[in-house]
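Open the model in a viewer and keep the sequence panel beside it. The stops below say what to select and what is found there.

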Amino acid sequence: MSAITRGTPDDTRREREDVGREAAAGPARAAAHPSWRFQDRFELWIDWMVRDSAGHWHPHESVLQRSYRTREDTLLHAERIIQRGDFPMQSRSAAPVTLIRNRREALLVAFRAAEGDGVTLIREVLFPVGEYALSLKVTRERVADEVRTSFAHAGNPLRSLAGQTVKLTVLIEHPYDVLSRAEGVLEMGELGARVGSEVLTFQGGAGVTGVPYRQATVAVSRGLMKKPMLYRFELLQGPEEPRL
């Protein structure tokens with residue numbers, strides 16, 4: 001399979017051979033590009049929990065899930081919500097909608113004393129309320145900004161997936177007719193990429209859109225009246241810690 005849209009048969013054959021030689025030498029890992037920027041996203045999760053017959057707590061009904069830009073904002077808003085004491089439950093029976101003052105104060109103390117791993121889990125507390133319990137959790141996730149560039153550009157987000165196990169889907173833009181699929185370790189060369197037995201070559205100006213370390217899509221034009229061909233690469237295993 002080839003993503004080349006122009007060129008002579010000899011050019012195509014040489015490019016495919018070059019990609020094969022580069023891929024055979026082993027996966028090429030690109031150093032992190034300055035355009036692969038990350039943002040911290042903090043989330044506050046509040047849920048009602050219910051206990052099963054074995055005494056284990058399980059999610060019963062979601063109260064709130066909200067994102068914030070900073071750790072301080074997340075904790076501040078969590079405390080304000082606790083101080084109001086309003087935790088509605090649509091299917092409530094014995095659980096109160098509003099906690100009385102001394103229960104709000106006890107929950108606030110427990111929340112301030114709660115700890116997580118300090119990396120992805122900032123705080124977590126489980127606070128019994130009658131037959132139910134309130135679960136309050138603050139999490140942190142590093143999310144990469146979307147990058148749009150050309151295949152030949154050093155900031156091509158596909159390069160951040162080199163050496164990782166990916167799923168490749170080849171399709172035509174809307175109505176998204178899937179042409180083929182493949183899985184395997186992504187091996188990158190200057191002229192293209194390989195996933196399993198699929199060797200792909202792209203022109204340097206082909207557009208690439210993606211989120212570094214997660215997914216990337218290469219769009220190949222098929223002419224003015226045709227929908228572009230899309231080569232979508234998605235990470236299958238957990239993302240490797242980026243070297244920033």
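## The whole chain

The protein chain has 244 residues, and buried residues make up 39% of them. This is a predicted model. Colour by secondary structure: the chain comes to three helices and twelve strands. Switch on a surface next. The accessible surface of the protein chain comes to about 13,600 Å², and carbon and sulfur atoms hold 49% of that area. Of the contacts with a separation of 6 or more, 61% are between residues 24 or more positions apart.

## The open sheet

Select β1, β2, β3 and β4. These four strands form an open sheet in the order β2-β1-β4-β3, with antiparallel pairing. Which strands stand at the edges? They are β2 (57-68) and β3; each has a single partner strand, so one side of each is left without a neighbour in the sheet. From one strand to the next, the twist averages 20°.

Now restrict the selection to β1 (residues 38-51) and β4 (residues 132-144). The two run antiparallel and are joined by 13 bridges. To find a position along the pair, show W45, which stands opposite K137 in β4. Strands in a sheet pair through backbone hydrogen bonds, so showing backbone atoms is the useful display at this stop.

## Helices across the sheet

Add α2 (residues 71-84) to the view. This helix lies across β1, β2, β3 and β4, and runs at about 25° to β1. Then add α3 (101-113). Helix α3 lies across β3 and β4, running at about 150° to β3.

With both helices shown, select the side chains of E79 and R112. They meet in a salt bridge, at 2.9 Å from N to O. E79 belongs to α2 and R112 to α3, and this pair links distant parts of the chain, 33 residues apart. Is each partner buried or partly exposed? E79 counts as buried, at 17% relative accessibility, while R112 is partly exposed with a relative accessible area of 47%.

## The loop after α3

Move on to D117, in the loop between α3 and β3 (121-129). The residue is partly exposed, with a relative accessible area of 48%. What does the side chain of D117 reach? One contact is with the backbone nitrogen of L121, at 2.8 Å. The backbone nitrogen of V119 also lies 2.8 Å from a polar atom of the D117 side chain. For a distance across the fold, pick the C-alpha atoms of D117 and T139: they are 9.8 Å apart in space, and the two residues are 22 apart in sequence.

## Charged pairs

Side chains of opposite charge can pair when their charged atoms come close. The count of salt bridges in this model comes to nine.

Select R41, E43, E141 and R214 together. These residues are linked in a network of salt bridges. Within the network, E43 pairs with R41, and their closest N and O atoms are 3.3 Å apart. E43 counts as buried, at 9% relative accessibility, whereas R41 is partly exposed, with a relative accessible area of 33%.

Next select K167 and E234. They form a salt bridge in which the closest N and O atoms are 3.8 Å apart. K167 lies in strand β6 (residues 165-172) and E234 in strand β12 (residues 229-235), so the pair ties together parts that are 67 residues apart in sequence. K167 is partly exposed, with a relative accessible area of 28%; E234 is also partly exposed, at 28%.

## The β8-β9 hairpin

For the last stop, select β8 (residues 192-195) and β9. The strands run antiparallel and are joined by four bridges. R194 has V199 in β9 as its bridge partner. Two residues lie between the strands of this hairpin, and G196 takes a positive phi near 60°.

Finish with the side chains of β9 (residues 198-201). Which residues lie on each face? E198 and L200 are on one side, V199 and T201 on the other; all are buried, and both faces of the strand are covered.

Notes. Residues numbered from 1 in each chain as written. Predicted model: local features only at pLDDT ≥ 70, side-chain atom pairs only at ≥ 80, totals over all residues. Heavy atoms only, no water. Buried < 20%, exposed > 50% of the residue type's maximum accessible area, 1.4 Å probe, protein only. Polar contact = N/O pair within 3.5 Å; in protein donor to acceptor, adjacent residues only side chain to side chain. Pairing = 2+ DSSP bridges. Salt bridge = Lys/Arg side-chain N within 4 Å of Asp/Glu carboxyl O. Axes fitted to C-alpha atoms, helices over the stretch in contact; angles between N-to-C directions. Contact = heavy atoms within 4.5 Å. Areas by Shrake-Rupley, 256 points an atom, 1.4 Å probe, with all protein chains shown as cover.
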